[in-house]
Every structure is written in C-alpha cells, then in structure tokens.
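Hi everyone, thanks for coming. I'd like to walk you through a structure that's new to most of us, so have a look at it first.

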Amino acid sequence: MRASLRAMLITLLLPLVIAGCTMPRGAALQSEVLRGTDAPDSEVQVVEVTRDTLSEIALWPAANAEPRQRWITTGAAPSARIIRAGDLVSLSVWDSQPDSLLTTEAQRSVDMSRIPVSASGKVFIPYVGELRISGLTAEQARREIQSLMAPIVPDGQVQLSVVPGARNTIDVVTGVARPGRVELPEISPTILSVLAESGGISTALRNPLVRLNRAGQAYAIPARKLFSDPAHDIQLRGGDRILVEEDRRSYIALGATGREQVVFFEREEITALDALSSMGGLNDSRADLQGVLILRDYPESLVRETGPAPRKAQVVFTFDLTSANGLFAARRFHIQPDDVVLATESPVPLFLQAVRLFRGVEHSVN
C-alpha cells in the first residue's frame, strides 16, 4: 500500500516538476523564451551570434539612431569677429586741424559712444549718415568710416571699438561649472577654450556628450572624443549654444544576473561582455551559459527581406558563452540603447530541486 501511494504521488508531481511550474525561479528557461519562434508566422527573428554571423550583423542599421558623432572638423583658421545687429559701436575721431568741423583747439578728439547697430545692420554717424557695417570686422568698419569722413576731416583718424551684442556671444547652457553667456572676443575662440572659461565640464556627468547648436543645425560629439583629437576643437561663432549632457542611453538587465535593473552606458561603446560585467556577472548557481539572450526592437522601416538588415521587427540574439567562438563574438557584439540583456535560468538547479522534492515526498510517504 505504501509503495503504491509513493508511486502515485511521484507520478502526479513529475509532469509539474519537469514543466518547472512548481519551481520558484527568477528567470525563464531559454527554451521557454524561444518557444514558437521557429513557426512560419512568428513575429520574432532568432539570430545566433557567432564570429561568422557577427560580420553581417555589424552591417545592420542601428535600431535607435542618435546623432552622437555628427560634428564639424577644423576646416577654417581662426577668424576675426564680425559686427552683427545688436552690437554697440564706439567711435573716437581725432583731428589736429585748427579749423576742424568736429574738434576744437582745446579738445582734439570727439567721441561717439555706444552707437547701436540696428536690425538692418546700420549705424548713424553725423556728417556721414547711415552706414551698413554688419558683416564687417572692426578694422574693416574703421577704415570704411575713416574713408567716408575724409572730405570733412582730411587728416582725421578714427578709432573704433565694439561691445558684442546678443548675436556676438556664446551661450554655455548646461553641464559646466559656470554656465552663462560668454562674449565673443576679437579672435574667435575654440570650443575647448570656452568650456575652460566656463569652469570645465562637470565631473558628476556620466560619459558626457557635448552638443553644439548653430544656425538651426545640431551637432554632437562625446566629450572623450573631443578631448582626444585636436581636429575636433573647432572655432566658435557668435550665436553658438553649447550644451553638455550626461549619457542617457541605457539597457535593461534581467534574469540570473548579479542585479536586475536599468543600466546606463558608462562608455561610448558597450559590448555584450561589458554589459554582463556591468550587471554584476552571471549567477553561478542559476545562469545558463548557453542561454544569454539580447532582445532588441527595430522600427518597421528598417525591416528588409534581403540585404544586411533585420527580417523582423523583434530580434532575439543568442549567445553561447561555453565556447571560444561565442565568447569572442560576445566581446565584439555592441549593445544598443533600450536593449534587454536576459540571462536565462539553467535547467540544472530545477533538476536538483526536483530531486529534493522527490526525496521529501518519499520521506513523507514513508
């Protein structure tokens, strides 16, 4: 009777144990995640990542394209600041002639201070009238004014200074120790010199990204790349805006790993092995080394039937970390923003739990 009862209980529990339904787990088995993906009507594409398939995957378009490397190179030499609308121009006219129309014997110079450059780019100068000086450098404007005043003061000398207006300043908006407005000096500065004048990039920012807004165009470059290559240290212009932001890209860590959370990019490029390391590694007693999965969503516009592109919008990349081929492939596979890195459970712990459960059942029956 006792043997029959033991056999009946084991028979009832065996299908449940094998199915894993009664076993407490922190992640799914690989077979459970990939169940049904081989069906013709499946909406998920499964790609095994090896050194052979990696070369084709590398040609696929980015799932979440972000302009992080669109930058201007140093093509032009430093240039003099040009006068723009909103600047304030100050003139000093010197004349040594005793019968001068502008000066007296006691005062050999006449000053005209803080003349605003109008929206049309013009200034009004007595005896000359309205004169367009926007687009000229300070020296070019000085020569033009002196030439036009020659009939009035043949021996006159003109001095000119410019106080930059809003269009001749650089706004450092965020991400530095001292954000604010920087007046454009006479010779155009570089972006690194302006960042230095603003106190430098905040050390609290994670993998900072430097953005430049210029004339309706947006440019961006990682700070580390800006620092490492002098060719990226471009000259700035009036009206430029600089924003320094920390890297907001992230991926999700799930399953039999050291921790399950949203993980932010600490570097510009993160490989699959880097991601596993940032997640605290795989759980020694639970993780399936042959069942590391990366889930990625592609826009429907990038799906193609032929060529180097995903065949379906949802793609699961599988890795076998028990072989050199899989390890080297994982070392070269790049994680993209919003990826899900899933370490599936190994079936071995489930088997051990089943053994313990059977022993408990047998002990209870006895």
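Let's start at the surface, with strand 12 (250-255) and strand 13 (261-264), each of which supplies at least two residues of a nonpolar patch. Before going on, a word on what you're looking at: this is a predicted model, where local features need pLDDT of at least 70, side-chain atom pairs count only at pLDDT 80 or more, and totals for chains, interfaces and linings use all residues. Residues are numbered from 1 along each chain as its sequence is written, and side-chain values use heavy atoms, with hydrogens and water left out.

When I say helix or strand, I mean a DSSP run, numbered from the N terminus: H or I and at least four residues for a helix, E and at least two for a strand.

Back to that patch. Its members are Ile252, Leu254, Val262 and Phe264, and together they make about 300 Å² of nonpolar surface. To get into a patch, a residue needs over 30% relative accessible area and no salt bridge; nonpolar side chains (Val, Leu, Ile, Met, Phe, Trp, Tyr) are joined within 5 Å, and like charges within 9 Å. The areas come from the Shrake-Rupley method with a 1.4 Å probe, and for residues only the protein chains shown count as cover.

Take Phe264, which sits in strand 13. Is Phe264 buried or exposed? In between, actually: its relative accessibility is 36%, so Phe264 counts as partly exposed. The cut-offs are under 20% relative accessible area for buried, over 50% for exposed, and partly exposed in between, again with a 1.4 Å probe and protein chains only.

Next, the salt bridges. Side chains of opposite charge can pair when their charged atoms come close. Here we count a side-chain nitrogen of Lys or Arg within 4 Å of a carboxyl oxygen of Asp or Glu. How many salt bridges does the structure hold? There are 13.

One of them joins the side chains of Asp240 and Arg214, at 2.7 Å from N to O. This one links distant parts of the chain, 26 residues apart: Asp240 is in the loop between helix 6 (223-228) and strand 11 (241-245), while Arg214 is in strand 9 (residues 209-214). Asp240 is buried, at a relative accessible area of 2%, and Arg214 is buried too, at 9%.

Then there's Asp247 with Arg249, also at 2.7 Å, N to O. Both Asp247 and Arg249 are buried.

A third bridge pairs Arg296 with Asp339, and the closest N and O atoms there are 2.8 Å apart. Why does this pair tie together parts that are 43 residues apart in sequence? Because Arg296 lies in strand 14 (residues 287-297), and Asp339 is in the loop between helix 8 (324-332) and strand 16 (340-345). Arg296 counts as buried at 4% relative accessibility, and Asp339 counts as buried at 0%. There's also a network, where salt bridges that share partners join Glu139, Arg142 and Arg143.

Now for the backbone. Most residues other than glycine have a negative phi. Arg114, in strand 3 (residues 109-116), isn't a glycine but has a positive phi of about 50°. Asn207 isn't a glycine either, and its phi is positive at about 45°. You'll find Asn207 in the loop between helix 5 and strand 9, and it counts as buried at 5% relative accessibility.

A few places to click on as well. Leu184 is in the loop between strand 8 and helix 5 (191-197), and it is buried, with a relative accessible area of 5%. Leu184 and Ile82 are 102 residues apart along the chain, yet their C-alpha atoms are separated by 9.8 Å. Over in helix 5 there's Ala196, which counts as exposed at 54% relative accessibility. Its C-alpha is separated by 8.9 Å from that of Val176, 20 residues apart along the chain. And Gly180, in strand 8 (residues 180-183), is partly exposed at 32%.

That's my tour, so over to you for questions.
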